[in-house]
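Here is a short report on charged pairs, a helix and a serine. Keep the structure open while you read.

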Amino acid sequence: GTRAGGVERRRGGGGEGARNEERGGESRRAGRGGRTALTRRWGGGVGVVETGLTDRGADSNHAAIGGFTALTLSCREGHADVATLLIDRGADINHANNNGSTALTLSCMRSHADVATLLIDRGADIHHASSSRNTALTPSCMKGHADVAAPLIHKGADINPANTPGR
């Protein structure tokens, strides 16, 4: 973006949502790409998510392009602290993106054992299958990550799921 008067401006964002965000406020409207301030700032840490967004009424279940929510994004990137806050604030732990992947599946794909364990302990569906019929256990085993697979198996994940033929 460009700077004008010391304020970061995004091209194409415009409108009241962008102006409100520049002032430090939260826009509940989705901007370009279907993203709200919460889905843009999920990786900023608990302080940004908590005081800057969820305390101001941001929708923690808003899905941006691809069906990603702040929770699915934070879990994919391994931010257990942000995931905990979002779950505590009512984020749908079993929301699936457009490919059918949940926060648990995404954290397992990226080998984030701490996030996967958090999600399992909070009641994430360990049997959910994506559109390619992969469960959270599939990427854990394919990548040889026993630290991610173990809690799933301990909770009773199916060790013989049938996924897309040829995989």
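## Charged pairs and buried residues

Glu77 has a relative accessibility of 29%, so Glu77 counts as partly exposed. This model is predicted. Glu77 is a good place to start, and its charged partners come next.

Side chains of opposite charge can pair when their charged atoms come close. How many salt bridges does a search of the whole structure find? The search finds 3. Here they are.

| Salt bridge | Closest N to O distance |
|---|---|
| Arg76 and Glu77 | 2.9 Å |
| Arg110 and Glu77 | 3.0 Å |
| Arg122 and Asp88 | 2.9 Å |

Take the pair of Arg110 and Glu77. This pair links distant parts of the chain, 33 residues apart. Arg110 lies in the loop between α6 (103-109) and α7 (113-121). Glu77 lies in the loop between α4 (70-76) and α5. Arg110 has a relative accessible area of 43%, so Arg110 is partly exposed. Arg76 is partly exposed too, at 22%. The cut-off matters for Arg76, because buried means under 20% relative accessible area.

Now turn to Arg122 and Asp88, which form a salt bridge. This pair also links distant parts of the chain, with the two positions 34 residues apart in numbering. Arg122 sits in the loop between α7 and α8 (137-142), while Asp88 belongs to helix α5. Is Asp88 buried or exposed? Asp88 is exposed, with a relative accessible area of 51%. The reason is the cut-off: exposed means over 50%. Arg122 is partly exposed, at 36%.

Which residues do salt bridges that share partners join into one network? They are Arg76, Glu77 and Arg110.

Helix α5 covers residues 80-88. Which of its residues are buried? Ala80, Val82, Ala83, Leu85, Leu86 and Ile87 are. Asp88, in the same helix, is exposed. After α5 comes Gly90. The phi of Gly90 is positive, near 100°.

Last comes a serine. Ser140 is found in helix α8. Its relative accessibility is 1%, so Ser140 counts as buried. What does Ser140 touch, not counting residues up to four places away in sequence? The contacts are Cys108, His145, Val148, Ala149 and Leu152. Ala150 can be placed by distance: Ser140 and Ala150 are 10 residues apart in sequence. In space, their C-alpha atoms are 9.2 Å apart.

Terms used
Residues are numbered from 1 along each chain as its sequence is written. This is a predicted model: local features need pLDDT of at least 70, side-chain atom pairs count only at pLDDT 80 or more; totals for chains, interfaces and linings use all residues. Side-chain values use heavy atoms; hydrogens and water are left out. Buried means under 20% relative accessible area, exposed over 50%, partly exposed in between (1.4 Å probe, protein chains only). Helices (H or I, at least four residues) and strands (E, at least two) are DSSP runs, numbered from the N terminus. A salt bridge is a side-chain nitrogen of Lys or Arg within 4 Å of a carboxyl oxygen of Asp or Glu. Contact means heavy atoms within 4.5 Å.
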